[in-house]
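Open the model in a viewer and keep the selection panel at hand. Each stop below says what to select next and what is there.

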Amino acid sequence: MALVVQKYGGTSMGSIERIRNVAKRVAKTYDAGNDMVVVVSAMSGETNKLVALANEIAEFPDNREYDVLVAAGEQVSIALLAMCLKSMGYKAKSYLGFQVPVVTDSAHAKARIEEIPDTKMRADLKEGTILVVAGFQGVDAAGDLTTLGRGGSDTSAVALAAALKADVCEIFTDVDGVYTTDPNICKDAKKIERISYEEMLELASLGAKVLQIRSVEFAKKYNVDVHVRSSFNENLGTMVTKEDKDMEAVLVSGIAYAKDEVKIAVMHVPDKPGIAAQILSPLSDANISVDMIVQNVSEQGFTDFTFTVPQADFKKALAITKEAAEAISAKEVLTDENISKISIVGLGMRSHAGVATKMFQVLAKEGINIQMISTSEIKISVVVDSKYTELAVRVLHDAFGLSGEAK
């Protein structure tokens, strides 16, 4: 007997018929002799509707009340799935985040999980109950409902798998694994059978939509094997796990892109110590993540300071940046919403030189100008004009040999 945690996304839960299909799949795994914890998202489109209502009622909705609102979608999903399983003759019980409890900090709309006591769940599992848990939500020390950010159900599932020391965490989605790039852009993209936590972490942070980044962080920290697979077929998917020598032999494993970032440039900034902190600290205090940062070479005591933020935080980030710019007597704040971040990722970069040069040469050959560059040990990211997104992905995918057999 194994303990299996399964997660089903909004598309998998998108209709009553699909919820019935999920129940059948859960029942099949349970009947094979496994203890079962099932984490589900809201039905497809429901969270977007709730977010739209929040934005219609207020330009900057209160974060506490925002969490109360958007968490409603998962309550519907867990109740329907538990009802379905019970109608099929199985013992099932739904759990909201605060009932587990999934204990988080108080960063509303972007809360981080701090602890998941397992006493109640283990007692129910011992009784043979299938647990159906609301993803995406938790509760803070004050007893307030919190949410983990979009895509947070992945994080909920992996965190529960870690807390319960599950044998595997299966993430069911509308694709059947992790691909070398988006198959909608490259028809010859290949499914990857095994990928390391480090590579998946980079791909998730760089725009790959298959797994939410914090779910991969949890998996890596607690050595949870994550199997990403489709809820619409029985095919094996992609196993996200510890790296091995075979993974290190591949130069580039995947190419990611993100169109959901905005570039903000603070022009004519005094070039002296502490200025960067004065610009970025207020954004950090507002829980706005800054991604790529570039500061130009100083000229006559002044410089330009450019960075990117998520599109969802753009309005708030711009207002905060304008205040900071005025405080440091910067000349102006410019923005560009028509950008894309293109990234290549691979463990093989650690031991191979010339990867960046090849990337830049390939893009230059297509007349694609690079606006910003960011690197780590296993990834290279560039910001380009958004109109070149698909072209850049395709030519890089071909240049690094990803059109053949993937690992």
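Start by selecting Lys263 and Thr308: the bridge partner of Lys263 is Thr308 in strand 16. This is a predicted model, in which local features need pLDDT of at least 70 and side-chain atom pairs count only at pLDDT 80 or more, while totals for chains, interfaces and linings use all residues. Residues are numbered from 1 along each chain as its sequence is written, and side-chain values use heavy atoms, with hydrogens and water left out.

**The strands around strand 16**

Select residues 261-270 and 302-310, which are strand 14 and strand 16; they pair in the antiparallel sense over 8 bridges. Helices (H or I, at least four residues) and strands (E, at least two) are DSSP runs numbered from the N terminus, and two strands pair if DSSP finds at least two bridges between them.

Add residues 293-295, strand 15, which pairs with strand 16 in the antiparallel sense over 3 bridges. Here Ile293 stands opposite Phe307 of strand 16. The hairpin of strand 15 and strand 16 has 6 residues between the strands, and Gln300 in this hairpin takes a positive phi near 55°.

Next show the side chains of Phe305 and Phe307. They form a tilted aromatic pair, 6.1 Å centre to centre with 55° between the planes. Rings of Phe, Tyr and Trp (its six-membered ring) pair if their centres lie within 6.5 Å; planes under 30 degrees apart count as stacked, over 60 as edge-to-face and the rest as tilted. Phe305 is buried at 4% relative accessible area, and Phe307 is buried at 0%. Buried means under 20% relative accessible area, exposed over 50% and partly exposed in between (1.4 Å probe, protein chains only).

For the record view, select residues 264-338 and 344-407, where UniProt places "domain: ACT" in an unreviewed entry. UniProt positions follow the numbering used here, feature names are shortened, and annotations may be inferred rather than shown by experiment. Over residues 264-338 the chain is 33% helix and 32% strand, with the end C-alpha atoms 11 Å apart.

**Helix 1**

Move to residues 16-31, helix 1. Which residues of helix 1 are buried? They are Ile19, Val22, Ala23, Arg25, Val26, Ala27 and Thr29. Their cover includes strand 1 (3-8), strand 2 (35-40) and helix 4; contact means heavy atoms within 4.5 Å. Just after helix 1, Gly33 takes a positive phi of about 100°.

Now select Tyr30 and Tyr90. Their ring centres are 5.8 Å apart and their planes at 85°, so the pair is edge-to-face. Tyr30 lies in helix 1 and Tyr90 in the loop between helix 4 (72-87) and strand 3 (92-95), so the pair ties together parts that are 60 residues apart in sequence. Tyr30 is partly exposed, with a relative accessible area of 24%.

**The listed binding site**

Finish with Thr47 and Glu74, which UniProt lists for "binding site" in an unreviewed entry. They are spread over 28 residues of sequence but cluster in space, with a largest C-alpha distance of 8.8 Å. Thr47 lies in helix 2 (residues 46-57) and is buried, at 11% relative accessible area. Leaving out residues up to four places away in sequence, Thr47 touches Ala42, Glu74 and Arg150.

Glu74 is found in helix 4 and is buried, with a relative accessible area of 3%. With the same sequence neighbours left out, the residues that Glu74 touches include Val40, Ala42, Phe136 and Ser153.
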